[in-house]
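Visitor: I am new to this structure, and I would like a close look at how the strands of one chain pair with each other. Could you take me through that part slowly, and then show me how it sits beside the rest?

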Amino acid sequence: MKQVCLLILTALFFAQANAQIDPELLRKPQADTGSLKLNMDAVYDRPFAKVGKLPVALGGYMEANYQYLGEDGVTEGHQFQMRRLTLFVSSSISQRIKFLTEIEFEDGTKEINIEFASVDFEFAPLLNFRGGIVMNPIGAFNQNHDGPKWEFIDRPISATQMLPATFSNVGFGIFGKKYANKWVYAYEAYLTNGFNDRIIENSENKTFLPATKPDASRFEESFNGSMLFTGKVAVRNSRIGEIGLSYMSGAYNKFQEDGLVLDKKRLATIYAVDFNTTLPTKTFITGEWAWVNVDIPDTYTEQFGRKQQGGFVDIVQPILQRSMFGFGKATLNAALRLEYVDWNKGSFKSTGDKVGDQVYSIIPAISWRPTSQTVLRLNYRYNWQRDMLNNLPSRLAGLQFGLSTYF
Amino acid sequence: MKKKLLVLFCLAASMLIYLSCGKVLPGAAEDDQLLDGPVEGLTSEQKKAFLRGDAAFNNEIFTKETGLGPVFVATSCGTCHAGDGKGHPFSTLTRFGQSDTLGNRFLNNGGPQLQHRAIPGFQPEKISPGAAFSNFTPPANTGLGFLEAVSDATLLSLADENDSDGDGISGRPNWINVPAYSFIRSGTIIRSDRKYIGRFGKKAAVYDLLQQTVNAYNQDMGINSFYEHINTYNGQDADPEVTNQTVQDVVFYLQTLKAPIQRTTNDADVQAGRQLFLNSNCGKCHTPQIQTGNFPIAQLANKTFSPFSDFLLHDMGPALNDGYTEGAAMPAEWRTPPLWGLGLSKNSQGGKYFLLHDGRAGSIEQAVNLHGGEAQQSKLKFGQLSASDKIKTIKFLESL
């Protein structure tokens, strides 16, 4: 915690320093505008500002919104929310050693997390070593989740309620890329601390990988002494788009303690596929789909799914790109998100009927980008949520308006 | 010009969104389609207690950290009673060990309730060899407060233990022991052997909603309370895992859940079906109306309600005799289940009917045909109805 405070104070110091200096000294490093960027590049593909000759660059983003949602005729009324404020600090320690950290304040200061804090060593383009707090590269959203990049206020349900995005852990790994004409191939592989048994013992009453996140002790020790492996391969063609395949697996239960074997090693294993492309009509399509398998004792309740699956697809169509209100390159987009999660793919032992516990969601949206780094967005969300017995779905819907910007 | 049009468009869109705020939300289901919701006329203070109980009942999920198990049936109250309606075979529980009126001889072997699930690292219970057992599908919670507010005298007035009117239907209360923590309601009738009238549960073996609630915490979820503090796994005395306040809030919630509202009462078929139901003497046990007596919650006191039950034990014949029983009930005797809310059962049972005490009947007609014993004559009368009259009778039952 002290380290977090120190980092915050450091960031505030630089923010104060900024106010005292000539803005001309704030240099925006030239961004790589190549079209062969991958989701794995997202962590460094952010606007940073450098202060004079200081060896660090600063950045961040914020998200705030208003929403009016109701479920089956009951509403909590008008709500204003400060979803998150994220600060980035990066530093080029040497030509081929870089450091980056991302500190996130969610819901005001309700949650403060170091989402990313790692050092990268480049030995060769195909061999980089990364160590520290890393984002486990499962799916694309966990790697590429900055609010200003998305036209939707809520993060995808499958990414945050089935997969545990944003999910980071302490560990080490390697990554690399190879370019060949219009293609780029990439891989990532990490060994980190991982899950704990809260994924099947939680107040969500379902198998819930994100339940492992509140346990901050995973940044100092592995819950069960075993490692979580996360690996991803991705390929992008400058004209076709990107596709990624990822895999994550590790034991989640405390299978031994003080040398005594308590249980067999029970694994949580996730497969994900993600893609994104831009059509000639400038229509941007991105999505991911994931499958979760959790080895749960037969004697535990069927309420907790042994298998889950779900995903989302976003379609974003620019409908107006021109100067608007004095913003030279403003864009008005129409967008649509479709989502589905099945938290429990099993069947009831007692009846053989399929277990419910699914959500469908559709979100039409309009977003306005005065610049590429800032977005104002208006969403209409409609969810159908079935309980595990497959009773009539509860319906949740409402309007959301919000803004998100890098700074 | 274009800029002005854009501004106008934005303003118009904003106005439209503002005006449509209340219309973009999903509407509530009609009150008569829901089983949850409070009785009318609660005070502000009572509404707050109701909401606290609602949250504890429907939202509180127990985990290992909060006391679940280690052996259990369900992780929350709401798991077994979705929308406060009838349960599903998934949450059906099993009772075992008692086959006569002499008591349960398997209390030291895990009885009376089987906890067939366990948190990781523990083994669930198994039914002891030779023990009689029966499966109980969770009932709806709706209108339970009205039942609690009925006086013992009213229940006894409905009984005809020796069938003195010769109609083949007797009906008697289950005389039970009452736990020390129960608050004995005024007007309670106590038999000479210090037994009290039970009125809750499939066998009417539970005295009041406090006993029902703390038993469910303890036996269904493995949650110990000040009232029921024996750990179901090891039989040892355990610290409370739920506060008295929460227990009392849940009891108040159950007491003040509204009674189901009958639908399509003006439908001619429904009206005809009601008459056919009564003509078949179904109403002799499924009593259409009962009056509550004096009760501490004014909204429940001295009210007429329509449970379609007499809350008494009846011999239902060999087909429904599982060999297991509770209190002074015989194995073939079951408390008349209230029929109110029957038509909404599917809404909490995954779109299907799972009727009778263990959910074995997949339709109302099948449930009727499984009646026997004291209900044999009524079942035969139903069987002799024309197809259209059967449909009318079922339409009436589904309107409840």
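Guide: Gladly; what follows begins with chain A as a whole, goes strand by strand through its pairings, and then turns to chain B.

Please keep in mind that this is a predicted model. Chain A is a good place to start, with two helices and 20 strands in its secondary structure. Its 407 residues would have a radius of gyration near 22 Å if they formed a compact globule, and chain A has 22 Å, which agrees. If you follow the C-alpha trace along its principal axes, chain A spans about 70 × 55 × 45 Å. Of its 407 residues, 40% count as buried. Contacts that reach across the sequence are part of the picture too: among those in chain A between residues at least 6 apart, 59% join residues at least 24 apart.

Now for the strands themselves. Some background helps here: strands of a sheet pair through backbone hydrogen bonds, and the pairing is either parallel or antiparallel.

Let us begin with strand 6, residues 111–124 of chain A, and strand 7, residues 127–135, which pair in the antiparallel sense over seven bridges. Two residues join strand 6 to strand 7 of chain A in a hairpin. To find your place in this pair, look for Val119(A), whose bridge partner in strand 7 is Gly131(A). Strand 7 of chain A also pairs with strand 8, residues 168–180, running antiparallel to it with eight bridges between them. Here a useful marker is Met135(A), which has Ser168(A) in strand 8 as its bridge partner.

Further along the chain, you can stop at a loop. Ser238(A) lies between strand 10, residues 228–237, and strand 11, residues 241–251, of chain A. Is Ser238(A) buried, exposed or partly exposed? It counts as partly exposed, because Ser238(A) has 13 C-beta neighbours inside 10 Å. Ser238(A) also shows how the fold brings remote parts of the sequence together: Leu36(A) is 202 residues away along the chain, yet the C-alpha atoms of the two are separated by 5.8 Å.

Next come strands 18, 19 and 20. Strand 18, residues 358–371 of chain A, runs antiparallel to strand 19, residues 374–386, and ten bridges join the two. Strands 18 and 19 of chain A form a hairpin, with two residues between them. Within this pair, Ile362(A) has Tyr382(A) of strand 19 as its bridge partner. Strand 19 of chain A then pairs with strand 20, residues 394–406, again in the antiparallel sense, this time over twelve bridges. On that side, Val375(A) stands opposite Ser404(A) in strand 20. As you look along any of these strands, one general point may help: in a regular strand the side chains alternate between the two faces of the sheet.

With that part in view, we can turn to its neighbour. Chain B has eleven helices and eleven strands. Its radius of gyration is 23 Å, close to the 21 Å that the globule rule gives for 400 residues, so chain B is as compact as a globular protein of that length. Its C-alpha trace spans about 90 × 55 × 40 Å along the principal axes. Of the 400 residues of chain B, 50% count as buried.

Where the two chains meet, the contact takes 36 residues from chain A and 32 from chain B. On the side of chain B that touches chain A, the elements giving two or more residues are helix 1 (2–20) and strand 4 (117–118). The residues on that side of chain B divide into 16 nonpolar, 14 polar and two charged.

Chain B has strand pairing of its own, in an open sheet of three strands with the order 3-2-5 and antiparallel pairing. Strand 3 (113–114) and strand 5 (133–136) of chain B are the edge strands, each pairing on one side only. Strand 2, residues 93–96 of chain B, runs antiparallel to strand 3 and is joined to it by two bridges. One of the bridge partners to look for is Gln113(B) in strand 3, which pairs with Arg95(B).

Finally, chain B offers a look at helix packing. Helix 8 (residues 268–279) and helix 11 (residues 387–399) of chain B pack at an angle of about 100°, with their axes 7 Å apart. Helix 8 and helix 11 of chain B are therefore roughly perpendicular to each other. The residues of this contact between helix 8 and helix 11 of chain B divide into five nonpolar, three polar and five charged.

Technical notes
Residues numbered from 1 in each chain as written. Chains lettered and ligands numbered in written order. Predicted model: local features only at pLDDT ≥ 70, side-chain atom pairs only at ≥ 80, totals over all residues. Helix = DSSP H or I, 4+ residues; strand = E, 2+ residues; numbered from the N terminus. Rg over C-alpha atoms; globule rule 2.2 N^0.38 Å. Buried ≥ 20, exposed ≤ 12 C-beta atoms within 10 Å, placed from the backbone. Contact = placed C-beta atoms within 7 Å. Pairing = 2+ DSSP bridges. Axes fitted to C-alpha atoms, helices over the stretch in contact; angles between N-to-C directions. Parallel < 35°, antiparallel > 145°, perpendicular 65-115°, else oblique. Nonpolar A, V, L, I, M, F, W, Y, C, P; charged D, E, K, R; others polar.
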